[in-house]
Amino acid sequence: MSPPKLTPLEMRIMEILWASGRCSVREIQEAFPESGRPAYTTVQTMVYRLERKKAVRRAKKISNAHIFEATLTREAARGRFIDDLLGMFGWRMQPLMAHLIESGRLTLKDVKEAEEALRKLAKKEASDE
């Protein structure tokens with residue numbers, strides 16, 4: 001099963017859970033910067049949507065508060081986001097890479113790390129044959 005597609009606010013909530021671990025809706029809401037903090041009911045609605053998407057689950061209940069934890073990993077969420085982004089480019093890397101280079105966001109260090117990862121993958125594939 002592929003990871004669920006997350007909205008920007010859902011991703012921000014997931015980032016809080018990944019960083020903090022188990023949290024109540026109130027703790028999630030208070031983790032947002034005071035300026036532009038979403039309302040408690042907005043966060044609650046989004047957490048329940050994440051629960052329906054199976055990205056979070058209720059870990060326990062303390063008094064009336066449910067404590068939630070992430071079930072979706074950061075890597076799976078990023079992978080889904082990257083797949084969606086590449087899909088917008090017809091699965092062609094060149095336009096994305098060109099933009100990253102022109103904007104100065106892709107460094108020579110990034111390229112060297114990618115080359116090393118490709119070498120490791122090629123080695124692994126060769127040893128699997």
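## Close-up views of a predicted model

**Figure 1. Helix α1 and the residues it keeps buried.** The buried residues of α1 are E10, I13, M14, I16, L17 and W18. Please keep in mind that the structure shown here is a predicted model. The helix covers residues 8-20, which makes 13 residues in total. From the first C-alpha to the last, α1 spans 18 Å, close to the 18 Å expected at 1.5 Å a residue. What covers its buried residues? Several elements contribute, including the strands β1 (23-24), β2 (56-62) and β3 (65-70). Helices α2 (25-31), α3 (40-52) and α4 (74-88) are also among the covering elements.

**Figure 2. G21, just after helix α1.** Follow the chain out of α1 and you come to G21, whose phi is positive, near 85 degrees. This glycine sits in the loop between α1 and β1. Is G21 buried, partly exposed or exposed? With a relative accessible area of 28%, G21 counts as partly exposed. Leaving aside residues up to four places away in sequence, G21 touches I16 and F68. One of these partners, I16, also belongs to the buried residues of α1. G21 and E69 are 48 residues apart in sequence, yet their C-alpha atoms are 6.2 Å apart in space.

**Figure 3. E69 and a network of salt bridges.** Here we turn to E69, which is found in strand β3. Which residues are linked with E69 in a network of salt bridges? They are R22 and R57. The side chain of E69 makes a polar contact of 2.8 Å with the side chain of R22, and another, of 2.3 Å, with the side chain of R57. E69 has a relative accessible area of 13%, so this residue counts as buried. Its contacts, not counting residues up to four places away in sequence, are R22, A55, V56, R57 and A59.

**Figure 4. A salt bridge between helices α4 and α1.** Side chains of opposite charge can pair when their charged atoms come close. The structure holds nine salt bridges, and this view shows the one where the side chains of R74 and E15 meet, with 3.0 Å from N to O. The pair links distant parts of the chain: R74 lies in helix α4 and E15 in helix α1, 59 residues apart. How exposed are the two partners? R74 is partly exposed, at 25% relative accessibility, and E15 is partly exposed too, with a relative accessible area of 32%.

**Figure 5. The pair E51 and R58.** In this close-up, E51 forms a salt bridge with R58. The closest N and O atoms of the pair are 2.7 Å apart. E51 has a relative accessible area of 23%, so E51 counts as partly exposed. R58 is also partly exposed, with a value of 36%.

**Figure 6. A salt bridge within helix α6.** Our last view shows K124 and D128, whose side chains meet in a salt bridge of 3.4 Å, N to O. Why are K124 and D128 separated by about one helical turn? The reason is that they are four residues apart in helix α6 (residues 108-128). Are these residues buried or exposed? Both K124 and D128 are exposed.

Definitions and conventions:
Residues are numbered from 1 along each chain as its sequence is written. This is a predicted model: local features need pLDDT of at least 70, side-chain atom pairs count only at pLDDT 80 or more; totals for chains, interfaces and linings use all residues. Side-chain values use heavy atoms; hydrogens and water are left out. Helices (H or I, at least four residues) and strands (E, at least two) are DSSP runs, numbered from the N terminus. The expected span of a helix is 1.5 Å times one less than its number of residues. Buried means under 20% relative accessible area, exposed over 50%, partly exposed in between (1.4 Å probe, protein chains only). Contact means heavy atoms within 4.5 Å. A salt bridge is a side-chain nitrogen of Lys or Arg within 4 Å of a carboxyl oxygen of Asp or Glu. A polar contact is a pair of N or O atoms within 3.5 Å; within protein, one must be able to donate a hydrogen and the other to accept it, and residues adjacent in sequence count only if both atoms are side-chain atoms.
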